[in-house]
Amino acid sequence: MATSNGSTDEKLGVDTPRISDKKENGAMEIETPKESKFQADGPTNGVLKAIDEKFPQHLDTQYYPHTVEIRKDKHTARYTGIGNHANDFGSVRTERPIPVTDVYYYEVEIINAGSRGSIAIGFGTKKFNLTRQVGSDKNSVGYRGDDGKKYYSTSHQYGPYFSTGDVIGCGVSFSQACTVFYTKNGRCLGTAFEGIRGELYPTVSLHSPNEMVHVNLGQHEFKYDIGGHKEDEKAHFDKLIQNTPVEKSSLSSLIRDYLEHSAYCNTLQAFDAASGIEDNSVLCPQTPPRHGECKPTTNNSTPSPFSTPASTKENHSSHNSGRKTEKRDVKEKVNAEREPMTMDVQDNQQKLLARGRVRQYIMEGKIQTAIEHIRDNFQGVLQRNLLFKLNCQRFVELMRYRKADKAIKFAKENIASAFGTLSSEERDHLCKVMGMVAYEDPNNSPVAYLLSDHKRQELAITVNACIAEHLGKSRRSGLERILRQLAATQEKIAELNHSAGASKSAWKVSDDI
């Protein structure tokens with residue numbers, strides 16, 4: 001603890017404010033600290049950095065106690081009160097809460113620790129009373145300079161004291177169980193709090209005469225290596241994922257289901273080969289089997305993974321029972337004894353190959369060929385809304401090769417007649433598509449995104465989902481359903497935590513899966 005004459009605490013070696021021996025009108029006088037690297041009205045050491053608009057930009061200059069003075073730069077605050085009571089703190093916070101991100105961090109330079117150095121730094125919600133110390137109730141957490149304690153309703157010893165000239169950082173990691181940590185002069189002090197919730201505002205509390213701080217919200221370079229901190233957290237999180245035990249057979253089945261559902265035939269065949277599934281029935285789209293051509297499996301060959309198991313009995317050889325590898329375990333679990341391939345199984349394979357060709361044609365921009373292939377193999381799939389999307393993409397493909405006259409003629413013959421039945425969303429899409437004719441070079445226009453491979457992929461996914469549903473399958477693979485459930489769970493947790501929790505973008509699942 002600091003002594004009455006402001007001497008240095010020998011145990012912790014932390015400098016405390018010095019009180020001058022000079023007296024004026026019988027009152028003690030605080031010595032003026034060394035000039036800060038920040039001036040009260042702005043920085044003098046370089047150009048300001050731009051801060052993303054979703055993050056706090058400056059201190060709130062509308063709502064703050066009368067015992068505080070906020071300078072013109074909106075980042076410097078000075079305590080003008082006396083500080084004799086628990087309810088005359090001068091707390092300032094940012095004009096907006098922090099967004100849910102991986103790690104949020106800010107720093108506070110102590111320009112003047114005042115007569116007692118009772119400055120506290122932390123986070124508070126909107127319900128926090130700005131005339132109290134941050135951390136004094138359940139609506140805030142804080143770390144105080146004159147006692148080194150952390151506060152959340154009650155206090156506990158946490159770190160070293162801090163005073164004039166120190167730079168204290170405060171951060172929250174949403175990816176690590178919503179933990180709050182502090183730094184001092186570029187050195188991390190460790191986790192102070194865990195599981196904090198609510199909309200959080202960076203908050204600083206002042207409570208003794210002449211206390212002055214400068215809040216760095218990212219407009220200047222931080223003293224602490226927050227970039228390295230984020231990299232360390234990511235490495236730690238990745239290590240946890242890598243060390244999480246997962247049954248290989250379950251994971252293989254999940255991946256295989258995704259590849260088959262998405263009709264990635266070549267990749268599926270390669271995956272089966274890498275997994276030790278000796279199967280020649282998954283053919284590439286370029287080499288479809290002739291009708292009726294099928295090689296039945298025997299007891300000595302690996303049966304087709306498309307066929308239906310007739311028994312759950314597995315074929316184990318006693319002389320090899322002690323030498324099975326993990327790859328062979330996966331193979332035997334997937335390849336239980338099956339009946340010889342039936343015509344139904346062969347038909348399923350033919351449909352898989354046909355779906356693969358449709359995807360391939362769309363990704364190559366051969367939309368008319370894809371439409372014909374759908375009609376030949378999946379009658380009834382081309383309902384109005386799906387045909388509309390395919391026709392719009394065909395118009396885009398014509399515009400890709402500067403065939404505007406042909407594109408306009410195609411639209412009049414194939415799209416215009418459906419205009420009256422379109423939904424508002426479809427009409428909006430049609431307006432953007434037709435707007436391509438207004439540009440001499442669509443590739444350098446506001447609608448250039450319509451020409452991207454990403455739009456082809458979106459259409460291919462939609463068409464494949466419609467075909468799968470037509471065949472009595474789910475529109476989405478098991479892998480996508482799991483990821484969507486995970487995303488929904490995280491969003492619900494964030495909602496219950498008042499937007500605090502794991503980053504919503506961490507498991508964002510798009511329609512691209």
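The legends below describe close-up views of strand pairing in a predicted model.

**View A. The open sheet of six strands.** In this predicted model, six strands come together as an open sheet, and following the sheet across gives the order 7-16-9-10-11-12, with antiparallel pairing. Strand 7 (90–93) and strand 12 (154–157) stand at the edges, and because each has a single partner strand, one side of each is left without a neighbour in the sheet. When direction is ignored, neighbouring strands of this sheet are turned against each other by 20° on average.

**View B. Strand 9 beside strand 10.** Within the order given for the open sheet, strand 9 is followed by strand 10, and here the two, covering residues 120–124 and residues 140–144, run antiparallel and are joined by five bridges. A reader who finds Ile121 can look across to strand 10, where Tyr143 stands opposite. In a regular strand, the side chains alternate between the two faces of the sheet.

**View C. The hairpin of strand 5 and strand 6.** Strand 5 (residues 68–70) pairs with strand 6 (residues 76–79) in the antiparallel sense, over three bridges, and Glu69 has Arg78 in strand 6 as its bridge partner. Five residues lie between the strands of this hairpin, in which Lys74 takes a positive phi near 65°.

**View D. Strand 6 with strand 17.** Besides its pairing with strand 5, strand 6 is joined by three bridges to strand 17 (residues 212–216), and these two strands also run antiparallel. One pair to look for is Ala77 and its bridge partner in strand 17, Val213.

Conventions: Residues numbered from 1 in each chain as written. Predicted model: local features only at pLDDT ≥ 70, side-chain atom pairs only at ≥ 80, totals over all residues. Heavy atoms only, no water. Pairing = 2+ DSSP bridges. Helix = DSSP H or I, 4+ residues; strand = E, 2+ residues; numbered from the N terminus. Axes fitted to C-alpha atoms, helices over the stretch in contact; angles between N-to-C directions.
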